[in-house]
Amino acid sequence: MEAANFFTEYDRKMQTKELQMIKTMLPFVEDSKKQQLHMLIMFLELQQFTRELSNSQNSLSAQEHRSPGEIRMDMCEALKPYCNERERETIDNLLNLFSVMESYDAMFH
């Protein structure tokens, strides 16, 4: 699977319909105007970012009210769709290791 086929929560929040339409037009614009269009895209992305930043209650943070172990496990699971088979196996091994470490901590601390 190619990561280009996936949009993260961050991407979904940052990409507006209008911004996506402007990006779609880019290959069809004459070369002399492409730099201006690139600048417009970057400006609109920055504008959207600051809008989202000001709505900090709706942040992307997955950390509220959760243990560091839960966050780490969920983060690894969220990365899997972007990985090839070998990388997913490595993540699974890490998840198993994290689980064993948490069990050890729970038993002896």
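Q: Why does Thr8 count as partly exposed in this predicted model?
A: Thr8 has a relative accessibility of 29%. Buried would mean under 20% and exposed over 50%, so Thr8 falls in between and counts as partly exposed.

Q: Where does Thr8 lie along the chain, and what separation does it have from Ala78?
A: Thr8 sits in the segment before helix 1 (9-14). Although Thr8 and Ala78 are 70 residues apart along the chain, their C-alpha atoms are separated by 9.3 Å.

Q: What makes helix 4 and helix 5 roughly antiparallel to each other?
A: Look at the angle: the axes of helix 4 (residues 68-79) and helix 5 (residues 85-108) cross at roughly 170° and come within 10 Å. Angles over 145 degrees count as roughly antiparallel, so this pair earns the label.

Q: Which residues make that contact?
A: From helix 4, they include Met73 and Cys76, and from helix 5, Leu95 and Phe98 are among them. By class, the contact has six nonpolar, two polar and four charged residues.

Q: How do you know that helix 2 is roughly antiparallel to helix 3?
A: Helix 2 (residues 17-25) and helix 3 (residues 31-54) pack at about 160°, with their axes 10 Å apart. The cut-off is again over 145 degrees, so helix 2 is roughly antiparallel to helix 3. The crossing of helix 2 past helix 3 is left-handed.

Q: Which residues of helix 2 meet helix 3?
A: They are Leu19, Ile22 and Lys23, and their partners in helix 3 are Leu37, Leu40, Ile41, Leu44 and Glu45. This contact divides into six nonpolar, no polar and two charged residues.

Conventions: Residues are numbered from 1 along each chain as its sequence is written. This is a predicted model: local features need pLDDT of at least 70, side-chain atom pairs count only at pLDDT 80 or more; totals for chains, interfaces and linings use all residues. Side-chain values use heavy atoms; hydrogens and water are left out. Helices (H or I, at least four residues) and strands (E, at least two) are DSSP runs, numbered from the N terminus. Buried means under 20% relative accessible area, exposed over 50%, partly exposed in between (1.4 Å probe, protein chains only). Axes are lines fitted to C-alpha atoms, for helices over the stretch in contact, and angles run from 0 to 180 degrees between N-to-C directions. Angles under 35 degrees count as roughly parallel, over 145 as roughly antiparallel, 65 to 115 as roughly perpendicular and the rest as oblique. Contact means heavy atoms within 4.5 Å. Ala, Val, Leu, Ile, Met, Phe, Trp, Tyr, Cys and Pro count as nonpolar, Asp, Glu, Lys and Arg as charged, and the others, Gly among them, as polar. A crossing is left-handed if the near helix is turned anticlockwise from the far one by less than a right angle, and right-handed if clockwise.
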